[in-house]
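Trainee: I am new to this structure and should like to understand the terms used to describe it. May I ask you to justify them one at a time?

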Amino acid sequence: MIDSPLLGSRSGFIGGRWDSGHSSARFEVVNPANGAILAELPLMSRDDAARSVQAAFEVLGSPISLERRRELLLALVDQIRKEREEIGRIITLENGKPLAEACAEADYAAGFYQYAADHLDRLTPRRLEENPRGHEWTVYARPAGVAGLITPWNFPFAMIAKKLAASLAAGAPAVIKPAEKTPLAMIALFTLLERIGMPSGLANLVFGDASAIGSVLCTDPRVRVVSFTGSTRVGRILLEQSAPHFKRLALELGGNAPFVVFADADLGLAAEHLVQNKLRAGGQTCVCANRLLVERSVADRFEQELVSRLEPLRVGDGMEPGVAVGPMIDRAGYEKVGQHLEDAVAGGARLTYQGRVPVGDDSDDAAETMSRDWGWYFPPTVLRHALPTMLCAREETFGPLFPIFEFESEAEALEMSNDTEYGLAAYLFTGDPRRAERMIERLHYGHVGWNSGTGPTPEAPFGGMGHSGFGREGGVEGLMDFVEFQTVARSPS
Ligand code: NAD
């Protein structure tokens, strides 16, 4: 069991109180590195979700001033910065990512609260300069209503920051449902929210029965916005459930990112960025490169640059110093990567490099150790001659597989890049600025890295196109997600 000053309570949080709900059923939170049980938490239900919505709804009766919202956001930033190491430790234990990465996730999360505090003046009432019809016009940004916020396990502390920063800024009370695989970082966040004296009901926490809680958030008329980050499959369920209730939705869904390398690119730089991009969270991020599209004439050289950077990397328990790649979140995640690898090899791709996983004895047989029952470690694995018909081209692999596809021309690279229903992130490496401009304008992706594998940042709007969802988080655009504009026309008489 995990021991932490940030986990004094092991329950949800409703109406300003720690609350375990009414059911006696419980679920386990497991360390993916070794199978250790970290905590047993109450399996909260539909009723608990409905009570959370009620607690949140009551807040709307006493609007919270912009100044108070700013104070809360800044106090939260202070707390996160103070507790970054402990937050990082909790993230690593429940998610598996290396500790340095987990601490960086805490910093990244703090950036969203800071950005919202710094740009809150965007939500102050705005007097129109014109006076149409001889009236005085003012536009108010009102809280849109109760917000339902549902988050995934791959960034247990950062994904909620994108949503909660914007809902707090808007003064919209929230009901939060984290992934059941990683609820501990969220409990830690609520410990911090309690410390800063958050008004009761402004944020509520409920977890357990995901589909029951989700259906309350999608159907209760008091919830006006549902903001979800997770798979396209679940996004579609929420879209269907919410449609009859005219809710506003923000859906941050899956991706299938192309990483395009032209012969005129700096191949070393491209390989460096690829490794950083692809191995964050062990390849389990929505923005990580899924398809490596490399111009045929440089494919051998690019592969060498890539492999030379993968060879020194250690796979293992994220709590151990020097580990660069942690375990997959669970057996299903591990098996999906294996299935993509097998499918590609069966279809004619060639496995050219595979790293090693931790072994416990002196054996260096990765295949043998990969079959044990805990710690689903998948080593970085490189494939050549991957084809667009393979599973690794059609679906998000969500693991450290590096399939190299080859192309001959710019037109082919563009066509292959856009050959997916997803549209979250794409990366382009070329030394030719005109080619970059042509390609970027035609890439159907919400986020594009040019000679860079960098992902989102608090200062910029981030989100998908197509089946990767809609809505934007971060930047000034993200601050508008939880407000409803009310226009008041006042007659001078
Ligand atoms: P998931 O869709 O399985 O789960 C996400 C959340 O939805 C969890 O809290 C889960 O409990 C909840 N959920 C599951 N079924 C539900 C239902 N019927 N009703 C309501 N809620 C339900 O996704 P995951 O496996 O946790 O996360 C991985 C996915 O998230 C990947 O596809 C990844 O690309 C995507 N993701 C997207 C972004 C982005 O910004 N676009 C960021 C991170 C992850």
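Mentor: Let us begin with the two domains. The centres of domain 1 and domain 2, taken over C-alpha atoms, are separated by 31 Å. Please bear in mind that this is a predicted model.

Trainee: Which residues make up domain 1 and domain 2?

Mentor: Domain 1 comprises 5–253 + 469–490, while domain 2 covers 257–457. These bounds come from an automatic or database domain assignment.

Trainee: How do you know that domain 1 and domain 2 are in contact?

Mentor: Contact requires heavy atoms within 4.5 Å. By that criterion, 24 residues of domain 1 touch 27 residues of domain 2. The area buried between domain 1 and domain 2 is about 1900 Å², and carbon and sulfur atoms give 64% of it.

Trainee: What makes the pair Asp330 and Lys181 a salt bridge?

Mentor: The rule asks for a side-chain nitrogen of Lys or Arg within 4 Å of a carboxyl oxygen of Asp or Glu. In Asp330 and Lys181 the closest N and O atoms are 3.6 Å apart, so the pair satisfies the cut-off of 4 Å. Across the interface of domain 1 and domain 2, the rule finds one salt bridge. Five residue pairs in polar contact are also counted between domain 1 and domain 2.

Trainee: Which helices each supply at least two residues of the side of domain 1 that touches domain 2?

Mentor: They are helix H3 (84–95) and helix H4 (99–118). H3 gives the largest share of that side, five residues.

Trainee: How do you know that Asp48 and Arg51 form a salt bridge, and what separates them along helix H1?

Mentor: Their side chains meet at 3.0 Å, N to O, and the limit is 4 Å, so the name applies. Asp48 and Arg51 are about one helical turn apart because they lie three residues apart in helix H1 (residues 46–59). A search of the whole structure finds 29 salt bridges.

Trainee: Why are strand E16 and strand E21 described as standing at the edges?

Mentor: The sheet in question is open and has seven strands, in the order E16-E17-E18-E13-E12-E20-E21, with mixed pairing. Strand E16 (350–354) and strand E21 (447–450) each have a single partner strand, so one side of each lacks a neighbour in the sheet. From one strand to the next, the twist averages 20°.

Trainee: How do you know that strand E17 and strand E18 pair?

Mentor: Pairing requires at least two bridges. Strand E17 (residues 381–384) and strand E18 (residues 401–407) have three bridges, in the parallel sense. Within E18, Pro403 is the bridge partner of Leu383.

Trainee: Which helices lie across strands of this sheet?

Mentor: Helix H9 (residues 267–279) lies across strand E12 (257–261), strand E13 (289–295), E18 and strand E20 (425–429), and runs at about 165° to E13. Helix H11 (residues 331–346) lies across E16, E17 and E18, at about 25° to E17.

Trainee: What makes strand E5 and strand E24 edge strands?

Mentor: They belong to an open sheet of three strands with the order E5-E6-E24 and antiparallel pairing. Strand E5 (126–127) and strand E24 (483–490) each pair on one side only. E5 is joined to strand E6 (residues 136–143) by two bridges, and the requirement is at least two, so the two strands count as paired. Eight bridges join E6 to E24. Val139 of E6 stands opposite Arg126, and Val139 also stands opposite Thr487 in E24.

Technical notes:
Residues are numbered from 1 along each chain as its sequence is written. This is a predicted model: local features need pLDDT of at least 70, side-chain atom pairs count only at pLDDT 80 or more; totals for chains, interfaces and linings use all residues. Side-chain values use heavy atoms; hydrogens and water are left out. Helices (H or I, at least four residues) and strands (E, at least two) are DSSP runs, numbered from the N terminus. Axes are lines fitted to C-alpha atoms, for helices over the stretch in contact, and angles run from 0 to 180 degrees between N-to-C directions. Buried area is the accessible area (1.4 Å probe) that two parts lose on being put together, summed over both. A polar contact is a pair of N or O atoms within 3.5 Å; within protein, one must be able to donate a hydrogen and the other to accept it, and residues adjacent in sequence count only if both atoms are side-chain atoms.
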